[in-house]
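Okay, everyone, thanks for coming. I'll put the structure up and then talk through a few spots in it.

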Amino acid sequence: MAVKKFNCGQPAGKTSNRNNVFSQRIGYYLSGFTEGEGSFNVSLINRHKDYKHGWKVSLSFNISQKDDTIPRLFKRVLNCGTIRYRKDGICYFEVRRVKDLVEVVIPFFKRFPLISKSKKKVFDIFCQLVQIVNKKQHLKKKGIEEILRLRDLIKVGRKRKYSKEEILNSY
């Protein structure tokens with residue numbers, strides 16, 4: 001049986017190149033959007049009732065907007081994370097799974113780097129935090145001490161719920 005060939009008037013290479021350029025533009029757009037609206041977070045949550053050492057280390061990357069267009073674009077491009085709608089109408093995209101942070105979020109921002117010194121510094125600290133948790137070093141006191149040291153390098157606009165001393169004294 002003979003195979004019919006169709007000529008659409010365009011070599012296949014041009015189509016994939018055009019898609020690649022589009023993907024790059026979206027990647028740089030999302031990276032730039034993160035500069036202003038994104039955050040890389042670390043929280044220590046009191047779990048003395050059900051955690052051996054009493055503290056859960058929670059890492060997350062998130063963005064939020066009134067309109068859900070950009071959060072949905074992040075979800076589609078990164079292919080991980082969750083979208084939630086708060087009561088005040090804000091759409092919230094968040095990635096919390098360590099595996100997704102290691103395999104998707106960090107490589108994305110290494111491919112499409114952040115530009116501002118302050119956001120890049122926070123991202124670099126976040127990468128170190130993710131590495132500690134991914135290697136399960138946070139399950140030892142030395143690992144928690146390092147997490148708290150790094151957490152203190154990230155400036156937040158509010159008072160932290162638990163102080164470094166409070167966490168270490170109850171670990």
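So, Q128: buried or exposed? In between, actually: its relative accessible area is 34%, so Q128 counts as partly exposed. Keep in mind that this is a predicted model. Q128 sits in helix α4. Its C-alpha is 8.7 Å from the C-alpha of I147, and those two residues are 19 apart along the chain.

Now stay with α4 and look at what it packs against. When two helices pack, people describe the pair by the angle between the axes and how far apart those axes are. Here the pair is α3, residues 98-111, and α4, residues 117-134. Their axes come within 10 Å of each other, and the crossing angle is roughly 150 degrees. The cut-off for roughly antiparallel is over 145 degrees, so α3 and α4 fall into that class. As for handedness, α3 and α4 cross in a left-handed way.

Which residues make that contact? On the α3 side you have V98, L101, V102, I106, F109 and K110. From α4 come F123, F126, C127, V130, V133 and N134. Sort the residues of this α3 and α4 contact by type and you get ten nonpolar, one polar and one charged.

Next, go past the end of α4 into the loop that leads to α5, residues 141-151. Two residues there are on my list. One is H138. Its relative accessibility is 15%, and the limit for buried is under 20%, so H138 counts as buried. What does H138 touch, if we skip the neighbours within four places in sequence? The partners are V57, I132, V133, G143, I144, I147 and Y171. You've heard two of those names already: V133 is also part of the α3 and α4 contact, and I147 is the residue I paired with Q128.

The other one in that loop is K136. K136 comes out exposed, at 52% relative accessible area. Its backbone deserves a look too: phi is positive, about 65 degrees, and K136 is not a glycine. As background, most non-glycine residues have a negative phi.

Where else does a positive phi turn up in a residue other than glycine? At N79, with phi near 55 degrees. N79 is in a loop as well, the one between α2, residues 69-78, and β3, residues 82-85. With 67% relative accessibility, N79 counts as exposed.

That's my tour, happy to go back to any of it.

How values were computed. Residues numbered from 1 in each chain as written. Predicted model: local features only at pLDDT ≥ 70, side-chain atom pairs only at ≥ 80, totals over all residues. Heavy atoms only, no water. Axes fitted to C-alpha atoms, helices over the stretch in contact; angles between N-to-C directions. Helix = DSSP H or I, 4+ residues; strand = E, 2+ residues; numbered from the N terminus. Parallel < 35°, antiparallel > 145°, perpendicular 65-115°, else oblique. Left-handed = near helix turned anticlockwise from the far one by under 90°. Contact = heavy atoms within 4.5 Å. Nonpolar A, V, L, I, M, F, W, Y, C, P; charged D, E, K, R; others polar. Buried < 20%, exposed > 50% of the residue type's maximum accessible area, 1.4 Å probe, protein only.
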